[in-house]
Amino acid sequence: MAGTSSYPPQIAMPPAGTQVAIISPQFCAPYPVDLNIVRKLMTLSEGSFGVTDVNGNIIFKVKGKLFSLRDRRVLLDAAGNPLITFQQKVGFYAYSPSFISLRVRQMLTAHRRWQVYRGESTDTTNFLFSVKKSSLLQFKTKLDVFLAHNTKEDVCDFRIEGSWFERSCAIYAGNTNTIIAQMHRKHTAQSILLGKDNFGVTVYPNVDYAFVVALVVILEEINEDRSGED
């Protein structure tokens, strides 16, 4: 089971007893949970992410397809069972006329979103939520998260803000100051020698930590995609 942690004082948290279960209530703990996420920087293999608890036990794995037409990832539990599928939605880029410059098409596709489905299906009946940049040009990371029932998308259900370069981001409930999880960079000798990028995530009590891991993976994908191409 994931490890426990304390959280910084003077931070607004979800009300006691309020459960934020997006993927499954089984991933909601009544205490803060610390996770360690390792991204392999130099690999051509599937499984570019590993998620462990503070004791090094594998909690989740992320499997991806490098050369698919649509970037697709699958979040697996420790036993290898698929929990959710991430898929990048094909945007304007695929249909933009050839006379539009590459740079313009890249800017137009900066709003591309990732859609998340339950299990390995991408059927609309299994749609859970989507994530996209809140604006085209950003000096700091800001993503909006919309749950499946929020079809109007007037107000986001969750948002991610911070500095991805510093791996210092927080996940908030809607447009409030209520933080449900925070991430931070972890420097270790092993990460430097083995070419791995380590960062930690603290998930607050009664918050679905599988959901938080999904958001962190999508955050990584959005920030690493510099070309604007699928």
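**View 1. Aromatic rings in the predicted model.** Phe27, Phe60 and Tyr209 belong to one aromatic cluster. The structure is a predicted model, in which local features need pLDDT of at least 70 and side-chain atom pairs count only at pLDDT 80 or more, while totals for chains, interfaces and linings use all residues. Residues are numbered from 1 along each chain as its sequence is written, and side-chain values use heavy atoms, leaving out hydrogens and water. Rings of Phe, Tyr and Trp (its six-membered ring) pair if their centres lie within 6.5 Å; planes under 30 degrees apart count as stacked, over 60 as edge-to-face and the rest as tilted.

**View 2. The ring pair of Phe129 and Phe211.** The structure holds 6 aromatic pairs. In the pair of Phe129 and Phe211, the ring centres are 5.0 Å apart and the planes stand at 85 degrees, so the arrangement is edge-to-face. The pair links distant parts of the chain, with Phe129 in strand β8 (residues 127-133) and Phe211 in helix α3 (residues 209-224), 82 residues apart. Helices (H or I, at least four residues) and strands (E, at least two) are DSSP runs, numbered from the N terminus. Phe129 counts as buried at 0% relative accessibility, and Phe211 counts as buried at 0%. Buried means under 20% relative accessible area, exposed over 50%, and partly exposed in between (1.4 Å probe, protein chains only).

**View 3. Leu76 and its surroundings in strand β5.** Leu76 is placed in strand β5 (residues 72-77) and counts as buried, with 12% relative accessibility. Apart from neighbours within four places in sequence, the contacts of Leu76 include Phe60, Lys63 and Pro82; contact means heavy atoms within 4.5 Å. Lys63 is 13 residues from Leu76 in sequence, and their C-alpha atoms are 7.5 Å apart in space.

**View 4. Strand β6 and its partners β5 and β7.** Of the 7 residues of strand β6 (residues 82-88), 6 are buried, so the strand is largely enclosed by the rest of the structure. Two strands pair if DSSP finds at least two bridges between them. Strands β5 and β6 pair in the antiparallel sense over 5 bridges, and Val74 stands opposite Thr85 in β6. Their hairpin has 4 residues between the strands, and Gly80 takes a positive phi near 90 degrees there. Strand β6 also pairs with strand β7 (residues 113-118), in the antiparallel sense and over 5 bridges; Phe86 has Val116 in β7 as its bridge partner.

**View 5. The salt bridge of Arg73 and Glu221.** A salt bridge is a side-chain nitrogen of Lys or Arg within 4 Å of a carboxyl oxygen of Asp or Glu, and the structure holds 4 salt bridges. The side chains of Arg73 and Glu221 form one at 2.8 Å, N to O. This pair links distant parts of the chain, Arg73 in strand β5 and Glu221 in helix α3, 148 residues apart. Arg73 and Glu221 are both buried.

**View 6. Charged side chains of strands β9 and β10.** The side chains of Glu161 and Lys142 meet in a salt bridge of 3.7 Å, N to O. Glu161 lies in strand β10 and Lys142 in strand β9, so the pair ties together parts that are 19 residues apart in sequence. Lys142, Arg159 and Glu161 are joined into one network by salt bridges that share partners. Lys142 counts as partly exposed at 33% relative accessibility.
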